[in-house]
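Trainee: Could we go through this structure together, taking one question at a time?
Mentor: Gladly; please put the structure up and begin.

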Amino acid sequence: MLSSMIPPAQQQSKPSMDLHGNRNGSSPFVAKVEPPREAEAQTFPIAGIAAAVICGLLFLLAIVFLLYKVYRRKCSSQSKYERIGKDSKLSPPMLKIEGKGMTPPTLDIKPVQFTVPPTTPTREIQDFRMSTLASQERTADAGIMNNGVGSDSESNSPVPSRRSSVTEIPGAYVLGEINPQLYKIQDDEEENNYFPEDHTGRIWFAVEYEHEAERLVVSLIKAKNLPSRVLGSVNQCDPLVKIFLLPDERRHLQSKLRRKTTNPKFDESFVFQVTYKALLQRTLRLTVCDVDRSKKHKVIGHVLLALKDVDFDGNEKVVMWRDLEKDVTETVSEKGDIEFSLGYNGDLERLTAKVLGAKGLPKPEGHTSLDTYVKVSLLHINKVMKTKKTSVIKRSTDPVFNEFFYLKVSSEQLDTTSLSIAVMRHAPGVKGDKQIGRVVVGPFMYARGKELEHWNDMCSNQKELVTYWHSLT
């Protein structure tokens with residue numbers, strides 16, 4: 001009712017009040033006062049910089065502290081293992097003896113002198129060696145002049161060495177220099193200096209067999225009247241000697257080269273490791289060669305010595321001389337020789353063996369005739385895989401067979417396969433045939449010498465028959 005009594009103009013002029021006593025449409029404050037924003041922006045960067053500086057200083061202090069701790073630990077570890085040097089002085093320990101004060105003990109430390117041996121010979125050692133070599137050369141020259149050999153011999157004695165041969169032989173090696181006084185031969189009285197026409201040279205050597213060590217020692221002494229490359233000259237020959245123990249012809253021992261002499265002195269020894277039973281079936285061959293300027297070995301001559309004819313029972317050196325022969329033929333072995341051919345076809349994986357014949361087969365005691373056949377056995381890792389036989393040839397010590405045998409062998413098995421060819425004596429009324437001798441051909445694992453060479457020639461010349469003579473053993 002009161003409101004109706006108030007005029008409308010007054011009602012509009014009076015603002016309305018809210019619950020808190022404020023007038024509607026207006027703020028309780030006439031004007032709001034806000035803090036300045038520029039001062040707030042200036043205080044924030046200064047505080048951040050100060051905090052970063054403090055953190056950096058703390059980080060540096062932490063690093064310095066860690067480095068200090070590491071340094072102290074390193075110093076403490078090194079102090080336990082100090083080296084005693086020239087400048088360092090050790091304080092001796094103090095000893096307290098009852099009734100006396102602290103007195104340092106006296107330590108008597110004496111230096112130990114030692115020297116490191118020189119890697120190269122000193123001047124004194126070199127002078128001593130040179131004087132020794134000079135005296136040896138003077139002695140050798142004086143001995144040569146006294147013997148009347150002249151410039152044909154060597155003036156320098158060979159230096160002992162343990163050289164291996166050009167083709168090494170297991171169990172064989174160069175023994176070195178020998179004492180010439182042990183093999184001294186009087187030239188005027190005992191030695192025959194007569195040389196016939198077309199003479200190719202003469203060689204002196206010695207052989208000895210040591211039964212306990214089972215080794216053969218061959219000593220080369222000297223050679224004389226070797227041919228010169230220039231007629232009328234005595235110094236146009238550079239000889240050396242190759243030593244073979246047959247039937248192994250692929251490997252040998254070799255002497256040192258003697259330069260510009262037709263009457264060389266060797267004074268060298270060589271050793272072959274061989275049993276006495278095998279020795280009686282071996283033949284010693286000495287081959288003298290002349291080495292020309294192009295390093296080619298020209299054969300001057302050979303010497304053959306059947307070791308079964310040498311008396312080795314006395315354990316003494318047997319000195320002998322032999323004239324060189326240009327062409328030598330190896331004597332037939334005790335049990336005879338056999339000839340056969342081998343061929344291999346890799347495409348067909350087939351090994352062909354052709355038995356041709358044999359010669360010099362010994363007759364059994366009390367028999368005037370001999371019936372023989374050949375047994376061919378194929379072995380793989382020493383195990384018999386196949387055996388074949390030829391027909392029997394009656395009443396002949398030189399039988400001829402001419403029979404082929406074909407054996408299946410793959411190319412992968414060639415290195416582990418061997419072939420045994422045995423000559424058998426056929427005795428109809430006796431149980432079991434006796435073996436006269438045999439030959440084993442194959443790779444290096446099973447064969448040596450001529451037997452190995454025959455096998456290698458077969459492998460390198462496939463689809464061809466390779467024929468060899470072999471001695472029965």
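Trainee: In what order do the four strands of the open sheet lie?
Mentor: In this predicted model, the pairing within the open sheet is antiparallel. Strand 16 (400-408) and strand 19 (466-471) each pair on one side only, and they are the edge strands. Strand 12 and strand 13 are joined by bridges, as are strand 13 and strand 16, and the order of the four strands is therefore 16-13-12-19.

Trainee: By what angle are neighbouring strands of this sheet turned against each other on average?
Mentor: The value is an average over neighbouring strands of the sheet, with direction ignored. Taken in that way, the angle is 25°.

Trainee: How many bridges join strand 12 to strand 13?
Mentor: Strand 12 and strand 13 form a hairpin with four residues between them, and Glu349 in the turn has a positive phi of about 55°. The two strands run antiparallel, and one bridge pair between them is Gly343 with Thr352 of strand 13. The number of bridges joining strand 12 to strand 13 is nine.

Trainee: Which residue of strand 16 stands opposite Thr352?
Mentor: Strand 13 (residues 350-359) is joined to strand 16 by seven bridges, and the two run antiparallel. Leu351 stands opposite Leu407 in strand 16. For Thr352, which is also the bridge partner of Gly343, the residue opposite in strand 16 is Tyr406.

Trainee: How many of the ten residues of strand 13 are buried?
Mentor: Helix 6 (residues 449-460) lies across strand 12 (337-345), strand 13 and strand 19, and runs at about 170° to strand 19. Strand 13 is mostly covered, whereas buried residues make up 33% of the 473 residues in the chain. Within strand 13, the number of buried residues is eight.

Trainee: Is Asn263 buried or exposed?
Mentor: Asn263 is found in the loop between strand 7 (248-254) and strand 8 (265-273), and its side chain reaches the backbone nitrogen of Asn225 at 2.8 Å. The relative accessibility of Asn263 is 15%, and the cut-off for a buried residue is under 20%. Asn263 therefore counts as buried.

Trainee: Why does Glu214 count as partly exposed, and why does Ile381 count as exposed?
Mentor: Glu214 lies in the loop between strand 4 (202-210) and strand 5 (215-224), while Ile381 lies in the loop between strand 14 (372-380) and strand 15 (383-389). Most residues other than glycine have a negative phi, yet Glu214 has a positive phi of about 55°, and Ile381 likewise has a positive phi of about 55°. The classes rest on relative accessible area, with exposed meaning over 50%, buried under 20% and partly exposed in between. Glu214 is partly exposed because its value is 37%, and Ile381 counts as exposed because its value is 54%.

Trainee: What percentage of the residues in the chain reach a pLDDT of 70 or more?
Mentor: The mean pLDDT of the chain is 75. Over residues 1-6 the pLDDT is below 50, and beyond near neighbours in sequence this stretch has two contacts in the model. Residues 83-88 also have a pLDDT below 50, with two contacts beyond near neighbours in sequence. The share of residues reaching 70 or more is 63%.

Note on methods. Residues numbered from 1 in each chain as written. Predicted model: local features only at pLDDT ≥ 70, side-chain atom pairs only at ≥ 80, totals over all residues. Heavy atoms only, no water. Axes fitted to C-alpha atoms, helices over the stretch in contact; angles between N-to-C directions. Contact = heavy atoms within 4.5 Å. Buried < 20%, exposed > 50% of the residue type's maximum accessible area, 1.4 Å probe, protein only. Polar contact = N/O pair within 3.5 Å; in protein donor to acceptor, adjacent residues only side chain to side chain. pLDDT = per-residue confidence, 0-100.
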